[in-house]
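Please open the structure in your viewer with the sequence panel beside it, and follow the stops below in order. Each stop gives a selection to make and then says what is found there.

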Amino acid sequence: MRQRSLIAITAALAAGALTLTACGSRDDDGGGSSDSGNGGTTVVIGVDAPLTGDLSALGLGIKNSVDLAAKTANKEKYVEGVTFKIEALDDQGQASVGQQNATKLVANKDVLGVVGPLNSSVGESMQKVFDTAKLVEVSPANTNPALTQGVNWAKEKTRPYKSYFRTATTDAIQGPFAAQYVYNDAKKKKVFVIDDKKTYGAGLAATFTEEFKKLGGQVVGTEHINPESKDFSAVATKVKNSGADVVYYGGEYPQAGPLSKQIKEAGAKIPLVGGDGIYSADFIKLSGAAGTGDLATSVGAPVETLPSAKEFVANYKAEGYKEAYEAYGGYSYDSAWAIIEAVKKVVEDNDGKLPDDARSKVVDAMQNVSFDGVTGKVSFDEFGDATNKQLTVYTVKGGDWATVKSGTFTG
């Protein structure tokens with residue numbers, strides 16, 4: 001969750017969330033439903049995110065924000081003759097489930113684009129399924145560089161899938177940005193690096209470590225944890241004995257919260273620093289008072305400080321979603337709106353109706369999408385990465401996340 005202002009917003013989100021699912025008859029050409037109930041065409045935007053389990057706070061914020069984008073487009077009649085609906089599937093944060101969900105969404109011919117997933121490891125499992133079906137996927141949260149730039153991205157960038165895009169910036173930028181803040185601004189010189197062995201966490205820890213060492217920092221210890229565990233006492237003791245003045249954790253808040261707490265209990269009164277995966281109100285709940293002074297980087301600028309986001313925040317509140325939009329709300333709305341913009345372009349280029357090959361046309365149109373979104377200017381580079389490279393450092397202060405510094409990585 002973003003900053004103190006969101007406490008009031010979260011408290012106000014009292015009514016139940018409304019989930020819209022696909023309806024209407026299907027056709028066989030990937031062109032959307034033939035009847036939306038108002039004489040037009042129904043286009044479904046798929047959503048894949050963890051809607052249950054430890055990461056559901058972030059996942060539900062993603063789903064609700066996509067729902068809001070669809071409702072807004074319908075209210076404005078943004079694409080003439082098209083009604084947008086969403087179909088949200090729960091991946092439980094598991095790659096295998098995400099892949100199954102991708103297959104389900106591909107099978108629904110009304111689906112012309114998908115927002116999600118949250119986890120890079122899940123994204124990795126879905127890419128080929130969507131690309132084979134020429135179905136566009138826009139992630140608001142995947143940050144592992146390999147998804148857009150190939151596994152050897154550090155040496156040579158090659159885009160593996162034409163249908164995959166993201167509105168979040170990558171760990172090739174986020175990890176080094178955190179390292180520069182920790183070394184140059186926080187003046188920490190000895191780091192103990194921990195990760196959860198997953199695609200996102202391990203990748204983020206690696207890019208942080210490389211930059212920290214390049215700056216002159218010392219890595220005094222490394223450890224991998226089991227993300228299924230909640231007992232990190234052995235690791236906490238190693239941190240205490242290492243002489244580290246900061247911990248960097250590559251992973252997500254369900255483990256980061258207890259880890260931070262147990263490190264302090266072991267006697268190491270040093271900050272834990274993580275990426276966007278720990279930037280959630282739930283991290284503060286899990287770490288308790290021990291989390292005060294801990295730090296997180298997250299993609300973009302704080303949504304509620306952007307003039308472009310005021311309408312989104314107000315509309316989200318007005319819809320009465322019971323869950324906060326969390327770290328990726330603005331990026332999820334923008335991901336959905338990018339799909340809506342691409343559909344609009346395809347419809348306008350085909351005399352006001354969807355062509356038989358609508359899915360592949362939407363993929364092509366997405367590459368040139370450009371608009372002023374909730375999070376600022378939204379457009380994509382030749383790899384499908386967001387052109388917006390801004391990041392923000394937050395700290396836990398007074399039981400909430402407070403902004404410390406916004407900027408871009410200078411390599």
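## A buried charged pair

Begin by selecting D385, which counts as buried at 1% relative accessibility. Since this is a predicted model, please read every value on the tour as computed from that model. Now add R166 to the selection: this residue is also buried, with a relative accessible area of 0%, and its side chain meets that of D385 in a salt bridge with an N to O distance of 2.7 Å. R166 lies in strand 5 (residues 164-166) and D385 in the loop between strand 12 (376-379) and strand 13 (391-397), so the salt bridge ties together parts that are 219 residues apart in sequence.

## From strand 1 outwards

Next, select residues 41-49, which make up strand 1; eight of these nine residues are buried, so the strand is largely enclosed by the rest of the structure. Extend the selection to residues 82-90, strand 2, which pairs with strand 1 in the parallel sense over nine bridges. If you would like a single point of reference along this pairing, pick V47, whose bridge partner in strand 2 is A88. To follow the chain between the two strands, trace it from strand 1 through helix 2 (residues 56-75) to strand 2, a β-α-β crossover that is right-handed.

Which other strand is joined to strand 1 by four bridges? Select residues 111-115, strand 3, which runs parallel to strand 1, and look for V111, the bridge partner of V44.

## The end of strand 3 and the start of helix 4

Continue to the loop between strand 3 and helix 4, where P117 is located. The peptide bond that leads from G116 to P117 is cis, with omega near -5°. A little further on, select S121 in helix 4 (residues 120-132), a residue that counts as buried at 18% relative accessibility. Leaving aside neighbours within four places in sequence, S121 is in contact with A95 and T199.

## Helix 2 and a salt-bridge network

Return to helix 2 and select K71 together with E319, which form a salt bridge whose closest N and O atoms are 3.0 Å apart. With K71 in helix 2 and E319 in helix 11 (residues 310-319), the pair ties together parts that are 248 residues apart in sequence. K71 is buried, with a relative accessible area of 16%, whereas E319, at 29%, counts as partly exposed. Adding D67 completes the view of a network of salt bridges that links D67, K71 and E319. The count of salt bridges in the model comes to 15.

## The loop between strand 6 and helix 7

Now select D196, which sits in the loop between strand 6 (190-195) and helix 7 (199-215). What is the nearest side chain of opposite charge to this buried residue, and how far away is it? The side chain in question is that of K198, at 4.3 Å, and D196 has no salt bridge; a salt bridge would need the nitrogen and the carboxyl oxygen to be within 4 Å. The backbone nitrogen of K198, however, lies 3.0 Å from a polar atom of the D196 side chain. Beyond neighbours within four places in sequence, the contacts of D196 include G201, A202, I225, P227, Y249 and E252.

In the same loop, between strand 6 and helix 7, select K197, which has a positive phi of about 70° although it is not a glycine. K197 is exposed, with a relative accessible area of 55%.

## Around helix 13

For the last stops, go to the loop between helix 12 (329-348) and helix 13, where D351 is found. D351 is another non-glycine residue with a positive phi, here about 55°, and it is exposed, with a relative accessible area of 71%.

Moving along the chain, select D357 and K361, whose side chains meet in a salt bridge at 2.7 Å, N to O. D357 counts as partly exposed at 33% relative accessibility, and K361 counts as partly exposed at 38%.

Finish on A365 in helix 13 (residues 358-366), which is buried with a relative accessible area of 13%. Not counting residues up to four places away in sequence, A365 touches A342, K345 and V346. A365 and V343 are 22 residues apart in sequence, and their C-alpha atoms are 7.9 Å apart in space.

How values were computed:
Residues are numbered from 1 along each chain as its sequence is written. This is a predicted model: local features need pLDDT of at least 70, side-chain atom pairs count only at pLDDT 80 or more; totals for chains, interfaces and linings use all residues. Side-chain values use heavy atoms; hydrogens and water are left out. Buried means under 20% relative accessible area, exposed over 50%, partly exposed in between (1.4 Å probe, protein chains only). Lys and Arg count as positive and Asp and Glu as negative; His and the chain ends are not counted. A polar contact is a pair of N or O atoms within 3.5 Å; within protein, one must be able to donate a hydrogen and the other to accept it, and residues adjacent in sequence count only if both atoms are side-chain atoms. Contact means heavy atoms within 4.5 Å. Two strands pair if DSSP finds at least two bridges between them. A crossover is right-handed if, with the strands pointing away from the viewer, the path from the first strand over the helix to the second runs clockwise.
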